[in-house]
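Hi,

Here is the structure I promised to send over. Have a look at it first, and then read on for what turned up.

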Amino acid sequence: MKIDRGSIGRLQRFPSVDLESYHDFLTGFRQWMSADYGRAATARAEKLLADFEMPDHRAPPPDAMIATLESNPLVGSFVRTWMNCQQMAHKSLHDEFQSNANFYREGLKAADSAGPGLLELDPGLDIPDYARHEIHTQPGGYVGEEFAGQIYYYSTMSFYRGRNDQNELYTAMARSVPLPAYGKVERILDIGCGIGQLTVAMKEVFPEATVWGLDVGAPMLRYAHKQAVEWGIDVNYTQRLAEDTRFEDESFDIVTAYILFHEVPQKVTPSILKEVLRVLKPGGIFFIRDFQTNRKHAPFGKYMSWKDHTLNEEPWSQEFINSDFVGTLKEAGFTLLEGGESQPFLRDYICQKPVG
Ligand SMILES: C[S@@+](CC[C@H](N)C(=O)[O-])C[C@H]1O[C@@H](n2cnc3c(N)ncnc32)[C@H](O)[C@@H]1O
């Protein structure tokens, strides 16, 4: 028989001690990868690549460069274990949720119609093919696996290496979102909200505002809503497309998008930007945090980003990285406010809808 092992503050405990210790190992391993192991592998890789002529930064790394890196025991094992962590996390979580499906299904069902906030699902939504792919090796991706929300939550726990156990990365991000030109925030929309970590953080930072999280993936939204219900946070979730939100014109003061744009094809991006411009009030803020674009990577960074695209199933990331996102935002009609590097490979794009 399954039991709910409860939570420690915002941290949902793993469903079993076995899984908890397995993921604790992954978290520790990932901490080591981001520290000594990663530094040693990067230094070795840079030495190995010293004599390589770098191709145009938009081109894939040449085969000879890949072979040189991957035949080196230190660099090769670093890349393999990075992927192994992803696969181990997802396989173990998928097994747990699928083999106890009834228990988890009942948990989601019980929360679906509970409050304080709303959950609007649209079983008839025409989900575009580009949003159906498997992502980061997560089985079924965001829309094709009933427990995608739970899997994403527990898998990102070790990905964030213990730095987000109480949602603190999202709280800090929400606090960094600037106010609209007119200084008031009544309505907020979080597009590509996933399991709602930024959505709830925005509500906590702007408690008087009505906050909506929007995502294409019903499993992500159901888990987001279940968590908000457990925490008594009054946020609403809706299953719609970022390019067709069906909200009224000029009805939001702030729109946020955390790591959405590198996961949509470039041909879709302009329609999302047009939609955000439509629903924002003049002077309203569009806060985006995503990959950096249009810049030359160091050779090993270039290789790792290519591996992320090919091995780690990031189908649209290279299109995004090679684009000029600042230019695309300006072309769409946004004014770019100050925004800088926020994490090693992410940056903020802080946009305002022009007044008049
Ligand atoms: C990398 S996840 C980020 C989720 C969340 N913002 C977070 O903080 O983790 C990207 C999310 O965007 C959603 N998504 C992708 N394309 C979308 C679209 N066109 N409209 C709405 N949601 C979309 C996916 O379902 C997924 O939940």
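**Cavities and strands**

The second largest cavity holds about 90 Å³ of space. Keep in mind that this is a predicted model. The residues lining that second largest cavity are R10, Y153, N164, D165, Q166, N167, I195, G196, Q197, Q227 and W231. Sorted by class, its lining has 6 polar, 3 nonpolar and 2 charged residues.

If you wonder how anyone finds such spaces: rolling a probe the size of a water molecule over the atoms shows where empty space is left.

How many cavities of 30 Å³ or more are there by this rule? The count is 3. The largest cavity has about 460 Å³ of space in it. It is lined by 29 residues, and the ones closest to its centre are Y142, G192, D215, L260 and E263. Two elements, helix α8 and strand β5, give two or more residues each to this lining. As for the classes, the lining of the largest cavity divides into 19 nonpolar, 5 polar and 5 charged residues.

Now for the strands. Try finding β4 on your screen, at residues 187-191. Strand β4 is mostly covered, with 4 of its 5 residues buried. Which strands does β4 pair with? One partner is β5 (residues 210-215), in the parallel sense and over 5 bridges. Within that pairing, I188 has V211 in β5 as its bridge partner. To get from β4 to β5, the chain passes through helix α8 (residues 197-205), and this β-α-β crossover is right-handed. Another partner is β7 (residues 252-258), again in the parallel sense, over 3 bridges. There, L189 has V255 in β7 as its bridge partner.

Here is a bit of background to go with that: in a regular strand the side chains alternate between the two faces of the sheet.

One last spot to look at is S305, which sits in helix α11 (residues 299-310). Is S305 buried or exposed? Its relative accessibility is 13%, so S305 counts as buried; the cut-off for buried is under 20%. The side chain of S305 also makes a polar contact of 2.9 Å with the side chain of Q318.

That's the tour. Have fun turning the model around!

Cheers

How values were computed
Residues are numbered from 1 along each chain as its sequence is written. This is a predicted model: local features need pLDDT of at least 70, side-chain atom pairs count only at pLDDT 80 or more; totals for chains, interfaces and linings use all residues. Side-chain values use heavy atoms; hydrogens and water are left out. Buried means under 20% relative accessible area, exposed over 50%, partly exposed in between (1.4 Å probe, protein chains only). Two strands pair if DSSP finds at least two bridges between them. A crossover is right-handed if, with the strands pointing away from the viewer, the path from the first strand over the helix to the second runs clockwise. On a 1 Å grid over the protein atoms alone, a cavity is a set of points where a 1.4 Å probe fits but cannot get out, and a pocket is an open set with protein on both sides within 12 Å along at least five of seven lines; lining residues have an atom within 4 Å of a point. Grid points are joined across faces, edges and corners, and a volume is the space filled by probe spheres set on the points. Ala, Val, Leu, Ile, Met, Phe, Trp, Tyr, Cys and Pro count as nonpolar, Asp, Glu, Lys and Arg as charged, and the others, Gly among them, as polar. A polar contact is a pair of N or O atoms within 3.5 Å; within protein, one must be able to donate a hydrogen and the other to accept it, and residues adjacent in sequence count only if both atoms are side-chain atoms.
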